[in-house]
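Let's take a walk through this model together. Have a look at it first, and then we'll go from one spot to the next.

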Amino acid sequence: MEDELQIAMADLDEEKTLRLVEERILAGSTSMDIIESCRRGVEIVGVKYSDSDYFLSDLIMSEEILKEVMRILEPHIPVNGSNNGFVPPPIVMGTIEGDIHDLGKNIIIYLLRSSGFQVHDLGVDVTPERFVQAVNETNAPILGISVLLSFCVGSIKKVVDLLIDAGLRDKVKVVVGGYPVNQEVKEFTGADFYANDVTEALKIYRDILEVAGGSVSER
Ligand code: B12
């Protein structure tokens, strides 16, 4: 369903986007709902770029607007460091090799940290070897991999293969996320879960944690 905020974002109308974000906050929308509207808006930016209606400079503009949106939203995201005495396990996250998109990954990390998680952010353009090394070093039971470029999906499969070779596959749940990710990508890469919006992503982390005996608050 299209909304005004989504359209303003898709039109790259910065002033209107930021005004609508403020209005939605005042009206009581959750940060996740607001992020979702913006994400759907930049999805349209991507389509317009594919159709040559927008250019690279427009992709960069969408990045700038989204960063401003997050600056407005961050103080409104409740911080919960305690989780009722439960110490959440560490999580390793990063964007796969060849890919430098990190806005979505950073949003997920921000929300997870606000929920009290200890997230090891490996950054962007992360090699499969580095992911495996980080899982090994931190004993993280959850590995989150972000991918926005379709041609980088193969490197995620390599991460999973290397985890098997290292004897770590049974110890870690692999969660993949990003625009091109779907059931087919999950199956191809051998990942355990996938998500391409913020609500699904946080639900997956919460579900994995529940199995581990803890809980994460709703945002
Ligand atoms: C902004 C943007 C850029 C910015 C990125 C800035 C940054 N710091 O990230 C810039 C301008 C740098 C850029 C560059 C390029 N881009 Co670009 N970009 C986009 C755009 C418009 C939006 C991406 C975005 O930030 N979305 C908003 C966030 C909030 O959404 P998200 O990333 O999907 O994340 C959400 C979920 O997916 C999920 N999630 C994300 N990661 C994870 C991880 C886990 C573990 C979980 C659980 C969930 C999860 O949660 C997030 C919150 O809701 C997309 C269009 C699109 N449809 O995505 C194109 C797009 C991804 N780009 C594209 C392309 C082609 C490029 C370039 C190759 C362009 C060029 N000619 O140079 C370069 C590639 C550079 C590189 N090597 O990576 C294509 C990719 C096509 C494809 N199928 O592979 C897209 C789809 C545009 C298009 N339709 O053509 N880009």
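Start at the metal: the ligand's cobalt atom gets a single donor from the protein, His 101, whose NE2 sits 2.3 Å away. Donors here are N, O and S atoms within 2.8 Å of the metal (3.2 Å for Na, K and Ca), and water is not among the atoms, so sites may look incomplete. A word on what you're viewing: this is a predicted model, where local features need pLDDT of at least 70 and side-chain atom pairs count only at pLDDT 80 or more, while totals for chains, interfaces and linings use all residues. Residues are numbered from 1 along each chain as its sequence is written, and side-chain values use heavy atoms, leaving out hydrogens and water.

His 101 belongs to the loop between strand S1 (91–95) and helix H5. Helices (H or I, at least four residues) and strands (E, at least two) are DSSP runs, numbered from the N terminus. Follow the chain into H5, residues 103–114, and you'll find Lys 105, Ile 107 and Leu 111 among its buried residues. Buried means under 20% relative accessible area, exposed over 50%, and partly exposed in between (1.4 Å probe, protein chains only). Just after H5, Gly 116 takes a positive phi of about 95°.

Now hop over to helix H3 (residues 31–50), where Ser 31 lies. Ser 31 counts as buried because its relative accessible area is 7%. Setting aside neighbours within four places in sequence, Ser 31 is in contact (heavy atoms within 4.5 Å) with Leu 73 and Ile 77.

Last stop, helix H4 (residues 56–73), which holds Ile 60. At 43% relative accessibility, Ile 60 is partly exposed.
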